[in-house]
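Student: I've got this model open and I'd like a close look at one part of it, the place where the ligand sits. Could you walk me through that spot and then tie it to the rest of the fold?

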Amino acid sequence: MTNHAIKYRLIKKEKHTGARLGEIITPHGTFPTPMFMPVGTQATVKTQSPEELKEIGSGIILSNTYHLWNRPGDELIAQAGGLHKFMNWDQPILTDSGGFQVYSLVENKKNITEEGVKFKSHLDGRALFMSPETSIGIQNNLGSDIMMSFDECPQFYQPYDYVKNSIERTSRWAERGLRAHQRWHDQGLFGIVQGAGFKDLREQSARDLTSMDFSGYSIGGLAVGESHKEMNAVLDYTTVLLPEDKPRYLMGVGAPDSLIDGVIRGVDMFDCVLPTRIARNGTLMTHFGRVNIKNAKYEYDFTTLDPMCDCYTCKNYTRAYLRHLIKADETFGLRLCSYHNLYFLVHLMMEVRQAIINDNLLEFREAFCERYGYNLP
Ligand SMILES: CNc1nc2cc3nc[nH]c(=O)c3cc2[nH]1
Ligand SMILES: [Zn+2]
């Protein structure tokens with residue numbers, strides 16, 4: 001049995017759902033779960049400083065192995081003392097394995113072999129190769145607290161036979177990565193469950209991966225274009241297959257309703273570029289639904305963006321000012337809008353954790369979704 005660098009502590013189960021309150025202990029600190037992780041693809045959460053991220057309450061951030069390997073290079077970051085030092089972030093960091101990124105860069109399927117994946121850099125077209133071993137080595141160089149296994153994320157509607165072959169190779173790749181990992185004493189490693197929307201393949205993938213002693217388990221292959229209903233259906237039968245004493249991480253999920261529905265089905269960790277990506281376009285999440293701040297109706301609106309939000313943006317600026325900045329393509333507007341959207345999701349998870357303590361998560365979901373404007377099934 002490995003003495004894992006990261007540990008999950010289950011604090012309380014919510015009485016009426018599969019939701020759970022916990023905490024994850026890492027070498028760079030402990031964070032409560034359920035937790036939303038801001039995405040810092042290229043060693044920065046776009047427009048936000050580490051101090052602002054801490055003010056927001058971000059307990060952990062995500063960075064991308066593929067991007068940092070490509071530029072500035074994992075060796076450079078290792079020489080800088082690792083990713084924490086390089087980006088001046090002294091709290092937990094999770095890195096994705098690169099699997100998800102490289103698949104969008106592969107020119108044709110024959111470049112995906114048992115050994116690994118051949119593809120061309122999105123920056124300069126040079127030939128690259130990634131395998132379970134190279135992905136682990138890069139993440140060891142980055143020094144992230146939580147690493148991901150190298151996997152294939154099949155499209156949700158791929159044929160059964162393709163997905164079956166893919167998950168079996170992903171399990172073999174996971175084992176190779178587990179063997180190649182050199183730093184169990186200070187870096188955790190998650191296995192990623194695949195299987196698209198096929199229950200038996202999700203069960204097979206979960207059986208394979210939970211037979212290996214990973215530090216935690218990700219649910220991959222979702223948030224790739226399937227419906228909210230289909231995602232929930234997969235979660236209904238997948239999270240229950242994962243060990244209760246280890247973290248469960250749903251990759252790529254960040255819409256408010258999906259976060260709440262994932263928590264209800266036993267998920268502890270989430271990440272998504274959504275909040276910062278849509279913020280840069282002036283699309284803001286508020287307790288009363290989305291606000292597209294560029295809309296003319298906000299031109300003379302001197303009220304706060306979200307009266308139920310106590311973030312820096314909502315306490316100090318008006319909708320008219322935010323609209324002006326975004327229309328004028330002012331960087332400060334990108335910062336204020338990104339700050340609010342991140343604050344909104346991180347604080348949504350704080351409210352969800354409180355609802356787990358109060359055993360009223362379903363009532364919270366109903367009230368939140370009603371006010372936000374979601375049509376609940
Ligand atoms: C934005 N949606 C999304 N981001 C993802 C990242 C992933 N990484 C590794 N493996 C995955 O299956 C995977 C799925 C994902 N879906
Ligand atoms: Zn706000």
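**The ligand site and its surroundings**

Tutor: Let's start a little away from the site, with a loop to keep in mind: Pro34 is in the loop that runs between strand S3 (29–33) and strand S4 (35–37). Keep in mind, too, that this is a predicted model. We'll come back to that proline.

Now the ligand. Ligand 1 sits in the largest pocket. Around ligand 1 there are 13 residues, and the closest are Asp151, Gln194, Gly221, Leu222 and Ala223. Sorted by class, that shell holds seven nonpolar, four polar and two charged residues.

What are the polar contacts like? Take the nitrogen side of things: a polar side-chain atom of Asp96 is 3.0 Å from a nitrogen atom of ligand 1. A nitrogen atom of ligand 1 also lies 2.8 Å from a polar backbone atom of Leu222. On the oxygen side, a backbone N or O atom of Gly221 is 2.7 Å from an oxygen atom of ligand 1. As for cover, ligand 1 has 360 Å² of accessible area on its own, and the protein covers 87% of that.

Stay with Ala223 for a moment, one of the closest residues to ligand 1. Ala223 belongs to the loop between strand S11 (216–219) and helix H9 (228–238). Its backbone is worth a look: phi of Ala223 is near 55 degrees, a positive value in a residue other than glycine. Most residues other than glycine have a negative phi, and most peptide bonds are trans.

That second point takes us back to Pro34. The peptide bond from Thr33 to Pro34 is cis, and its omega is near 5 degrees. Another cis peptide bond links Arg71 to Pro72, with omega about 10 degrees. Pro72 is placed in the loop between helix H2 (65–70) and helix H3 (74–79).

Finally, zoom out. The protein has 15 helices and 15 strands. Its C-alpha trace spans about 60 × 50 × 40 Å along the principal axes. For 377 residues, a compact globule would have a radius of gyration near 21 Å, and the protein has 20 Å, so the two agree.

Definitions and conventions: Residues are numbered from 1 along each chain as its sequence is written. Chains are lettered from A and ligands numbered from 1 in the order in which they are written. This is a predicted model: local features need pLDDT of at least 70, side-chain atom pairs count only at pLDDT 80 or more; totals for chains, interfaces and linings use all residues. Side-chain values use heavy atoms; hydrogens and water are left out. A residue is near a molecule or strand if one of its heavy atoms lies within 4 Å of it. A polar contact is a pair of N or O atoms within 3.5 Å; within protein, one must be able to donate a hydrogen and the other to accept it, and residues adjacent in sequence count only if both atoms are side-chain atoms. Accessible areas come from the Shrake-Rupley method with a 1.4 Å probe; for residues, only the protein chains shown count as cover. On a 1 Å grid over the protein atoms alone, a cavity is a set of points where a 1.4 Å probe fits but cannot get out, and a pocket is an open set with protein on both sides within 12 Å along at least five of seven lines; lining residues have an atom within 4 Å of a point. A molecule sits in a cavity or pocket if more than half of its atoms lie within 2 Å of its grid points. Ala, Val, Leu, Ile, Met, Phe, Trp, Tyr, Cys and Pro count as nonpolar, Asp, Glu, Lys and Arg as charged, and the others, Gly among them, as polar. Helices (H or I, at least four residues) and strands (E, at least two) are DSSP runs, numbered from the N terminus. The radius of gyration is taken over C-alpha atoms; the globule rule is 2.2 Å times the number of residues to the power 0.38.
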